[in-house]
Amino acid sequence: MWEDILQSFTPVSLLGIVVILLFVSSVFSRREKRKEPPGPRPLPLLGNLLQLDLKKIHNCLFELSKQYGSVFTVHLGPQKVVVLAGYRTVKEALLNTAEAFGDRDITPLFYEINKGHGILFCNGETWKEMRRCALTTLRDFGMGKKLSEEKIIEECQYLIEEFQKHEGKAFNNSQVVNYAASNIISGIVFGSRFDYKDPVFQGLVHRNNEIILLTGSTAIQVYNVFPWLGPWLKTWQVVKKLIGICEEDMKRLIQSLKETVSPETCRGFVDVFLTRKQNLEESGVMDSQYYDDNLLHSAENLFGAGTDTTGHTLRWSLLLMAKYPDIQDQVQEELNTVIGSRQVRVEDRRNLPYTDAVVHEIQRLASIVPLSVPHKTTRDVTFQGYFIKQGTVVIPLLSSVLHDESEWESPNTFNPSHFLDKEGKFRKRDAFMPFSAGRRACVGEGLARMELFLFFTSLLQHFRFTPPPGISEDELDLTPAVGFILGPSPHELCAISRE
Ligand code: HEM
C-alpha cells in the first residue's frame, strides 16, 4: 500500500514533503526541549495572585507542589516565578546546578533597602567581594572562635538577668531575646555590644523587626509586583520611612567608628572595611568595592540578617519547651547529668546528643525562612527536563525541604528523634537545610548555630519554661506571625528559676 502512495508523488514533491516533515519535527523537538515548568493557569495581569493567600504564600506553594510537581511555575501578577520544592529538587538546583541558580532576585523592596549595594540584595562583583569580606570578618571575629563563644556566654548572663527580673511571672520575651541576639552580631559588626536600654539600639532592633514583619504583608507583596502602586499603599509608605530612619541611625554609628578607627586594633567588620579601603586608596586603587554605600548596606545586612533570625528561633525554642514539658524534662535531665551547674561550652555539644537533636528539631519545625530569599537564574538552564530562561525568579521553598514527607518520619510534629539514631546518638540529616545551601547560603550559619546552642542550654539550665497560669500547654498557639521571617505569634511565658 505504501509503495502505491509513494509512486503517486513526483520526486520533487517527495523531497518537498521530506523537508517540511524535517522542519516540523525540528520545531516540535525544539518546543519539547523548551518545555517550561507546569503550573496553574494565570489570569492576564493578575497571574495567579487570586489563587494565593499572600500571608501564607509558603503553604499555598507547598500545596501547589503536590499538584504540579517539584518544579512548577506561578505567576505573581505579570511576573513568572519558578518554585522548587522538596529536598531532592532544591538540593539539585542549589548544590549541583549552583552557578545557574545562584543570583539574587532584587525585588523593588529589596532595591529600596540596599540600592544595589551590600551582600544580601546584590549580585556580581560587589556581592562577591562583600560576601568574602563578611566571611573573613566572621571567621576572625566570630564563627568557630573562642572570642565569639565568650561574647555569647557574656550575653547569656545579661539575658538571664532580664528573665530573673520577672520573678517567674508571665511576660513577653520578644524584645529582650531579640536584643540578646542582636548584640552578638553588633559585637562583630561594630566591635561592641549595646545596653538593652540604649535608645538607638532599641530603635534599630525594633525598626528592623517591623520592616521584616511588613515585608511579609499582602501590601508589600503587591508593591513588589506593581511598584507603581507605591504612592497609594500606606504600608509601603511606612516601610519606606522605617528604612530611611534605619539608614540614618546606621550612618551615625559608622561615622562614630570612622572617627576612632585604628588599623592596629580592628574592632569588627566596620573597622576591617575602613582599613581595607584606606590601604587600597593608599596604593592608588580608587575603583574598588570598598566605598561608603557598600559599607553602609553590608553592615545593615549583617545586622538585619543576624538579629530576627536567631531571635525568632530562640523564641520558638522556649515556646516549644513550654508546650512539650516532657521534652523539656529530658533536655534538663541531660544538662544536669552531663554539665551540672557549670557554664555550657560549644565543645560540650557532642556529649549532649538529645539537646543537640532538640535544637535541630526546633529549627526544622519552625522553618523560619520558608521561601529562602528569592533567587534568579544567571543563564538559560534546562532543569529536570524543563526550560527556565535566564533572569527567571526562583523560589527554593525551604519549608518544603524541612517538611518533606519522603525525608522526615513525622514532618509536621515536634519530634527530636528525627535527629537521633537507635542508640540515642546524634544523627545528621541531609534534608536539614534551614540556612539554605550553595552559592547564596547563609553567611552566618556557624555563628547562628553557636548562638542557638549556647543561649538555649544556658536558659534551660536556669529556668523552667511554662505557659502563664490558667493556660494549658495545649492552648499555646504555634501559628506563626505573618512576616518574611516567621516568628511565633505574640505570647507570654513564665521563666521559673530552677535554683
Ligand atoms: C537561625 C538563624 C539564621 C537562619 C535560619 C538564616 C537563614 C538564611 C537563609 C535561608 C538565607 C538565604 C540563603 C539563600 O538565598 O539561598 C540567609 C542568607 C544570609 N544570612 Fe542568614 N540565617 C540565620 C542567621 C544569620 C546570621 C546570624 C547572620 C549574620 C552573620 C546571617 C547573615 C546572612 C547573610 C549576609 C545572608 C545573605 C547571603 C548572600 O546573599 O550571599 N544569617 N540566611
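Here is a walk through the ligand site and the largest pocket of this structure. Keep in mind that this is a predicted model, where local features need pLDDT of at least 70, side-chain atom pairs count only at pLDDT 80 or more, and totals for chains, interfaces and linings use all residues. Residues are numbered from 1 along each chain as its sequence is written, and side-chain values use heavy atoms, with hydrogens and water left out.

Let's start with the iron. C442 binds the iron atom of the ligand through SG at 2.3 Å, and is its only protein donor (donors are N, O and S atoms within 2.8 Å of the metal, or 3.2 Å for Na, K and Ca; water is not among the atoms, so sites may look incomplete). C442 sits in the loop between α16 (398–402) and α17 (445–462); helices here are DSSP runs of H or I with at least four residues, and strands are runs of E with at least two, numbered from the N terminus.

Now for the rest of the shell. There are 28 residues around the ligand, with R104, R131, H375, S436 and C442 coming nearest (near means a heavy atom within 4 Å). Ligand oxygen atoms lie 2.8 Å from a side-chain N or O atom of R104 and 2.7 Å from a polar side-chain atom of R131. Among the helices, α13 (292–323) gives the most to this shell, with six residues.

Finally, the largest pocket holds about 600 Å³ of space. Of its 24 lining residues, H58, N59, L365, H403 and P480 are the closest to its centre. The biggest contributor to that lining is α3, with five residues.

Key
A polar contact is a pair of N or O atoms within 3.5 Å; within protein, one must be able to donate a hydrogen and the other to accept it, and residues adjacent in sequence count only if both atoms are side-chain atoms. On a 1 Å grid over the protein atoms alone, a cavity is a set of points where a 1.4 Å probe fits but cannot get out, and a pocket is an open set with protein on both sides within 12 Å along at least five of seven lines; lining residues have an atom within 4 Å of a point. Grid points are joined across faces, edges and corners, and a volume is the space filled by probe spheres set on the points.
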